Amino acid sequence: MTPPQSEPDRQRESGPDPHVARVREDLPSLAGVTYLNSGTTGPLPRPVAEAVCETAMAHVQQPRSGRGHFDRAIQVRQDCRTALAGLLGCQPTEIALTHNTTEGMNLITLGVNWVHGDEAITTNVEHPGALLPLWIVRDRYGVTVKTADLLSGPSDPVDAVIRLITPRTKLISLSHVSYSTGDVLPLAEISAAAHERGVLVLVDAAQAFGAMDVDIASLGADFYSVSGQKWLCGPEGTGALYSAQNAISQIRTTFAGYGTIDGYNDYGGFLVKGDGHRFEQGTMHLPDLTGMLAAITWMTGTVGEDWAHRRIHGLGALAQAELAKLEGVEVITGAAHAGLVSFGVADVDPQDLVQRLASRGILVRAIPRPAAVRLSAGCFVTEDELIAAVAVIDEELAAMRRET
């Protein structure tokens with residue numbers, strides 16, 4: 001009996017997808033390299049760069065002042081919120097524009113009404129963008145930060161997180177897709193269990209947004225922070241924070257600016273906006289915002305977000321299958337993955353391997369814990385490129401073993 005084909009096998013046998021060539025036409029930075037690092041920063045599409053430059057040049061040629069300029073800035077911000085809400089499946093009023101995922105993680109973590117002895121829960125596969133604000137509230141307010149172990153052997157992530165909850169727990173802060181292992185966490189199940197116990201859920205979604213379909217309502221998270229420069233291929237310094245309307249009132253204002261308020265009261269204070277816009281600050285770089293809007297238009301129009309998500313998942317599965325063939329390589333990423341694939345090699349420094357691969361035009365990154373090399377193939381990567389990159393990894397590992 002012939003075994004069923006895996007998705008990577010079907011993808012390869014169906015031949016090259018002609019749409020990939022069209023997408024790559026807008027990505028001149030791919031020339032001469034194999035770009036396997038979208039999880040850090042995606043390549044900048046030509047239409048996005050053009051939108052950024054057009055806005056910047058308009059500012060060179062026209063005064064950045066007057067009603068017309070500020071009306072234009074307000075409209076671009078609203079257009080960005082609307083476009084982002086379309087990708088996340090929420091309302092524009094639930095979107096605050098930020099500069100990166102970490103900004104959103106700080107705004108919510110620092111805004112919880114902490115008192116000494118309260119507790120927060122995270123995991124041991126989190127990015128510093130989630131951990132650093134937790135450590136701030138630990139040191140500032142005496143909050144106990146508990147860490148669910150998702151690395152030591154097979155375990156149920158839902159149980160590993162939920163069993164740490166006590167009556168003092170106020171926040172669970174974790175990833176949708178782990179930046180280190182590449183695993184997709186069962187966010188809907190964790191959120192449901194947390195809400196049964198009255199606990200807020202804050203999500204670092206830097207590695208999910210743009211790499212996989214996101215339906216924020218079905219996930220149940222209270223707060224969901226995303227980046228624009230990674231899988232979306234937008235400009236650096238762009239991002240957004242989703243805040244569920246029913247959770248907003250539980251977060252105190254940490255950073256106040258014009259974007260935060262609706263006006264002033266009669267007592268020398270201010271009136272905070274009643275929706276997600278309260279987490280926005282003041283002036284933002286309009287060229288970057290027009291670039292993010294152009295990136296969303298490019299991804300949903302020229303590329304096709306559903307196509308991109310399917311392709312990213314398929315390339316991830318192909319990377320897992322090819323890496324698993326290599327001697328001494330342990331694929332860390334499990335079956336539930338999006339676009340990141342991490343692997344470890346005993347007695348090999350991941351950073352050394354990353355540097356050797358970079359010298360051969362293969363762009364990946366190292367992960368400190370667990371010690372690993374991470375591949376993140378955007379939808380523009382070809383199957384042949386990916387297979388060839390894994391072959392080079394095999395060659396470099398063999399060379400490193402001979403040198404020791």
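The legends below describe close-up views of a predicted model.

**View A. The open sheet and its edges.** Seven strands make up this open sheet: the order is 2-8-7-6-5-3-4, and the pairing is mixed. Strand 2 (95-98) and strand 4 (144-148) are the edge strands, each of which pairs on one side only. From one strand to the next, the twist averages 20°.

**View B. Helix 8 against the sheet.** Helix 8, formed by residues 187-196, packs on the sheet and touches strand 5 (169-175), strand 6 (200-204) and strand 7 (223-227). The direction of helix 8 makes about 155° with that of strand 6.

**View C. Strand 2 and its partner, strand 8.** Strand 2 runs antiparallel to strand 8 (residues 239-243), and the two are joined by 4 bridges. Within this pairing, Ala 96 stands opposite Leu 241 in strand 8. The side chains of strand 2 are divided between two directions, with Ile 95 and Leu 97 pointing one way and Ala 96 and Thr 98 the other way, yet all are buried. Strand 2 is nevertheless an edge strand, pairing on one side only.

**View D. A nonpolar patch on the surface.** Tyr 258, Tyr 264 and Phe 270 form this nonpolar surface patch, and together they have about 430 Å² of accessible area. Of these residues, Phe 270 lies in strand 10, which covers residues 270-272. Phe 270 counts as partly exposed because its relative accessibility is 38%, where the partly exposed class lies between the buried limit of under 20% and the exposed limit of over 50%.

Notes: Residues numbered from 1 in each chain as written. Predicted model: local features only at pLDDT ≥ 70, side-chain atom pairs only at ≥ 80, totals over all residues. Heavy atoms only, no water. Pairing = 2+ DSSP bridges. Axes fitted to C-alpha atoms, helices over the stretch in contact; angles between N-to-C directions. Contact = heavy atoms within 4.5 Å. Patch = residues over 30% accessible without salt bridge, like charges linked within 9 Å, V, L, I, M, F, W, Y side chains within 5 Å. Areas by Shrake-Rupley, 256 points an atom, 1.4 Å probe, with all protein chains shown as cover. Salt bridge = Lys/Arg side-chain N within 4 Å of Asp/Glu carboxyl O. Buried < 20%, exposed > 50% of the residue type's maximum accessible area, 1.4 Å probe, protein only.
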